[in-house]
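This report walks through one protein chain, from the overall fold down to single residues. Please keep the sequence and the 3D view at hand while reading.

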Amino acid sequence: MIVVTAPTGQIGREVLSRLLDADRDAAPVRVIVRDPARLSPRERERVEVVTGSHADPAVLKEACEGADRIFWLVPPTPVTEDVERHFRSFTEPLCEVIAAEGVERVVAVSTLGRGVARDAGPVSASLAMDEAIAATGVHYRALCPPALMENLLRQSVPIRDEGVWTVALAPDRVLRTCAVRDIAAEAARLLLDASWTGYRDVALAGPDGLTPEDMARVLAEVLDRPVRLRHITPAEQKAMMRRQGATEAWAQSMADMTDAQNTQGFYGASQPSTPETTPTGFGRWCEEVFRPALRRG
């Protein structure tokens, strides 16, 4: 039995779809979801559903009964009042369930930056999550992407209407990126393979070595319209997120992450790309995902 958390999020939905595309006899799938109505008809027909949050120990225990594999993702929550406590509130029940229910393998979404990132908001919290899960002795794979290409979708309206992409990251330094579909493909592969053991970080950095300035030029070429990079400071990023409804704690943590990346470079050129597992380049993603999203919007 494979348990999938966050099955309606952008990564979890892709993972679930790939598991359901696999051989029906590969492994049954159970999901933990707050609102089952957000599952597609195909998903509701094919999976077992446990309703609730995977931060709830009782819900997690019910979902993991008889399960040997878990896809794990702590959802970003812009309304949290404490980012580290938010990650712990999910991770601690998981560690208890691993011991109580005999879960054998966990595949989780983490981040690049181990050994480099310091005081980096959710990046630091993700890396601490890995250490806590690994300490249980469960076979563990931490999927470690850098910046997600899909984050660009949040700015589809100003890019479409004004030709402006706002970034707080250093505009002239290489920023490693990864497409969600490549993360999902590797997660599904690992979840369907019951032979791997031990603990390992799995770096998932796409094939490009582009700066944000380079990416703006790629966007302009794909969209056939000018795209201008507007650079802001991490403090301005924080203020913008507060205006959009994020708590002080979340907005500050994101500003800390940006500042740490700009000074420590854990998503930078020093991180090698991994095209064998993350083949989607930024230009291809823009053509196949971003441009169609603009048309639909």
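The text below covers overall form, nonpolar cores, aromatic rings, selected buried residues and two loop residues.

## Overall form

This is a predicted model. The protein has 11 helices and 11 strands. Its radius of gyration is 19 Å, close to the 19 Å that the globule rule gives for 297 residues, so the protein is as compact as a globular protein of that length. The C-alpha trace spans about 55 × 35 × 35 Å along its principal axes.

Of the 297 residues, 55% count as buried. Sequence-distant contacts are plentiful in the count: among contacts between residues at least 6 apart in sequence, 77% join residues at least 24 apart.

## Nonpolar cores

In soluble globular proteins, nonpolar side chains tend to be buried together. Here the largest nonpolar core has 67 residues. Within this core, Trp 72, Ile 133, Trp 165, Leu 219, Phe 282 and Trp 285 touch the most other members. A second, separate core holds 31 residues, including Val 109, Ile 183, Ala 187 and Leu 204.

What does Phe 282 contact, leaving aside its neighbours within four places in sequence? The list is Met 149, Leu 152, Asp 208, Leu 210, Met 215, Val 218 and Leu 219. One of these partners, Leu 219, is also among the residues of the largest core that touch the most other members.

## Aromatic rings

A pair of aromatic rings is described by the distance of the centres and the angle of the planes. The structure holds 4 aromatic pairs. One of them joins Phe 266 and Tyr 267, with 5.0 Å from centre to centre and 85 degrees between the planes. This pair counts as edge-to-face because the angle is over 60 degrees. Phe 266 is buried, at a relative accessible area of 0%. Tyr 267 is buried too, at 10% relative accessibility.

Phe 282 appears again here. Ring pairs link Phe 282 with Trp 285 and Phe 290 into a cluster. Phe 282 and Trp 285 are both listed among the core residues that touch the most other members.

A charged side chain also meets a ring. Arg 105 lies over the face of Trp 196, at 5.6 Å from the ring centre.

## Two neighbours in helix α4

His 86 is found in helix α4, which covers residues 83–101. Phe 87 is in helix α4 as well. Is His 86 buried or exposed? His 86 counts as buried, because its relative accessibility of 9% is under the 20% limit. Phe 87 is also buried, with a relative accessible area of 9%.

The side chain of His 86 reaches the backbone oxygen of Pro 75 at 2.7 Å. Not counting residues up to four places away in sequence, His 86 touches Val 74, Pro 75, Thr 77 and Thr 80.

Phe 87 touches Val 74, Pro 122, Ala 125, Ser 126 and Met 129, with residues up to four places away in sequence left out. Val 74 is thus on the contact lists of both His 86 and Phe 87. Pro 122 is 35 residues from Phe 87 in sequence and 8.5 Å away in space, C-alpha to C-alpha.

## Leu 191 in helix α7

Leu 191 is found in helix α7, residues 180–191. Leu 191 counts as buried at 1% relative accessibility. Which residues does Leu 191 touch, not counting those up to four places away in sequence? They are Ile 2, Val 15, Leu 19, Arg 69, Ile 70, Phe 71 and Val 107. Leu 19 and Leu 191 are 172 residues apart along the chain, yet 8.3 Å separates their C-alpha atoms.

## Loop residues with positive phi

Two aspartates, neither of them a glycine, have a positive phi: Asp 119 and Asp 224. The table sets them out.

| Residue | Phi | Loop | Relative accessibility |
|---|---|---|---|
| Asp 119 | about 50 degrees | between β5 (105–109) and α5 (122–134) | 69%, exposed |
| Asp 224 | about 60 degrees | between α8 (212–223) and β11 (228–231) | 69%, exposed |

Asp 119 counts as exposed because 69% is over the 50% limit. Asp 224 is exposed on that basis too, with a relative accessible area of 69%.

Conventions:
Residues numbered from 1 in each chain as written. Predicted model: local features only at pLDDT ≥ 70, side-chain atom pairs only at ≥ 80, totals over all residues. Heavy atoms only, no water. Phe/Tyr/Trp six-rings, centres within 6.5 Å; stacked < 30°, edge-to-face > 60°. Buried < 20%, exposed > 50% of the residue type's maximum accessible area, 1.4 Å probe, protein only. Lys NZ or Arg CZ within 6 Å of the ring centre and 35° of its normal. Helix = DSSP H or I, 4+ residues; strand = E, 2+ residues; numbered from the N terminus. Polar contact = N/O pair within 3.5 Å; in protein donor to acceptor, adjacent residues only side chain to side chain. Contact = heavy atoms within 4.5 Å. Core = buried A, V, L, I, M, F, W, Y, C linked by side-chain atoms within 4.5 Å. Rg over C-alpha atoms; globule rule 2.2 N^0.38 Å.
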